[in-house]
Amino acid sequence: MPDDTTARRRAGTGLGLVLALVCAAVLLTALPHHDREGGGCTPRTPAAWTADTALDTEFTRYGDDPARTDDWTGGDGTHSVRLPDGRVLWLFSDTYLGPVHGPPNPVGESYAWRDVSTPLVRNSAVVMSRAGRLERTLPAPLIPDPAPGQWRWPVAAQVEPRSPGSAERVVRVLLWTRTAGTYPWIYGVPAATEVATLSLPDLRVESVVRILDQRGTPDPSRRVLFGTTTTADGTWTYIFGGDDARAAGRPASRAYLARVERGRLADPTAWQYWNGSAWTSRPRLGAVLGDGRGTGVASAFTVVRDQGTYVLFTMAAGTPGLTTVTSYWACAPTGPWHGPGRGLRAPLPPGEVAAYNPQAHPELSGDGRLVLSYDVNWLDATGAAAQTNLSRNVSLYRPRFVALRLSRG
């Protein structure tokens with residue numbers, strides 16, 4: 001999944017959304033009640049967290065299983081969605097497939113390892129049973145590349161009606177489309193936001209629709225991709241996005257917001273964008289968070305709703321963003337956002353590694369306990385060292401899970 005700072009250079013890894021520009025007339029709409037401050041909203045900040053060893057252990061068991069020869073063994077861009085039958089669909093961006101060998105590795109270390117020639121695909125999906133056991137990897141890549149030199153990274157997903165009012169449910173997967181680039185775009189140049197529709201219960205990819213095409217924006221660092229996270233509120237699904245300012249060397253990126261009526265995520269004409277003061281059908285975007293310096297987000301972040309309060313988790317601005325997750329809170333998705341709050345240092349394995357892409361998993365949370373994942377990668381300016389180190393120790397390139405509670409007031 002996408003990188004979060006220029007200090008981290010990684011090859012073939014990332015996270016990693018797109019749409020055709022809508023030429024309809026500007027549509028201004030009054031803010032609904034839940035877009036205004038109030039309604040029991042109070043400040044929320046994360047308390048200390050603990051490792052979710054059950055999830056960590058389950059991904060280790062599945063990824064290290066020597067009987068599997070074409071399944072998931074590691075990846076980033078970790079997102080999840082609960083399916084109507086109780087299963088959980090896990091979505092990953094860059095993914096290693098193939099066998100894993102038990103320790104010792106070829107240099108005598110006590111790590112499970114993979115061959116450096118192991119194939120890497122741009123996206124994958126793993127199905128977890130209702131009981132919490134990872135069962136199978138869907139044929140990968142899940143979403144085919146749109147063209148040579150281009151690829152799709154899946155991000156947030158929602159189960160919604162096939163159309164408003166329909167009893168039939170489908171899975172909508174938001175996608176970031178990127179194109180191959182040169183430094184500093186070693187993990188791809190942002191191109192577009194797309195939405196894939198998957199049928200239920202068989203999870204067959206039915207279609208991919210372009211939502212917002214950003215290739216007309218000359219400066220890649222100002223292109224906005226939507227879908228790093230979504231929240232549902234009544235009839236609306238709110239879709240957050242960000243620019244790639246951090247990849248261009250700035251301390252922080254800005255967060256942006258769109259919304260769409262539930263059941264219409266795959267309809268480009270139904271999307272509305274926040275322009276800084278009102279909703280409009282034209283993608284004239286106004287940031288909801290970030291000054292590009294001390295406040296803002298990484299290219300991937302997550303938002304959850306705790307009663308009347310929205311809480312956003314992201315890697316901290318600047319160099320602390322290699323290790324530290326921070327948060328903001330607001331009474332409406334449009335803001336104003338307050339923070340950043342106290343940072344939480346992500347536990348990391350030994351080595352020249354960094355954390356990125358914090359993502360909340362509400363479907364695995366409950367009783368005041370919020371499950372959050374973050375990805376881990378090797379720091380490398382060329383990519384060659386990253387692939388070598390991620391292969392000699394397969395546990396490095398896998399999500400880590402923590403559980404936290406939000407303090408109030």
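A strand here is a DSSP run of E with at least two residues, a helice-type run is H or I with at least four, and both are numbered from the N terminus. You're looking at a predicted model, where local features need pLDDT of at least 70, side-chain atom pairs count only at pLDDT 80 or more, and totals for chains, interfaces and linings use all residues. Residues are numbered from 1 along each chain as its sequence is written, and side-chain values use heavy atoms, with hydrogens and water left out.

Start with the whole chain in cartoon: two helices and 26 strands.

Next, select β14 (225-233). This strand gives five residues to the lining of the largest pocket, the largest share. (A pocket is an open set of points on a 1 Å grid over the protein atoms alone, where a 1.4 Å probe fits, with protein on both sides within 12 Å along at least five of seven lines; lining residues have an atom within 4 Å of a point.) The space in this pocket is about 380 Å³, and 23 residues line it. Show A157, Q158, T230, P362 and E363 as sticks, the ones closest to the centre. Then add β4 (79-82), β10 (150-161), β19 (302-306) and β23 (353-360), which each give two or more lining residues.

Keep β19 selected and move to the second largest pocket, about 300 Å³ in volume. β19 supplies three lining residues there, the largest share, and β26 (406-408) supplies at least two. Of the 13 lining residues, pick out D306, G368, R369, L370 and L406, nearest the centre.

Technical notes:
Points joined across faces, edges and corners; volume = space filled by probe spheres on them.
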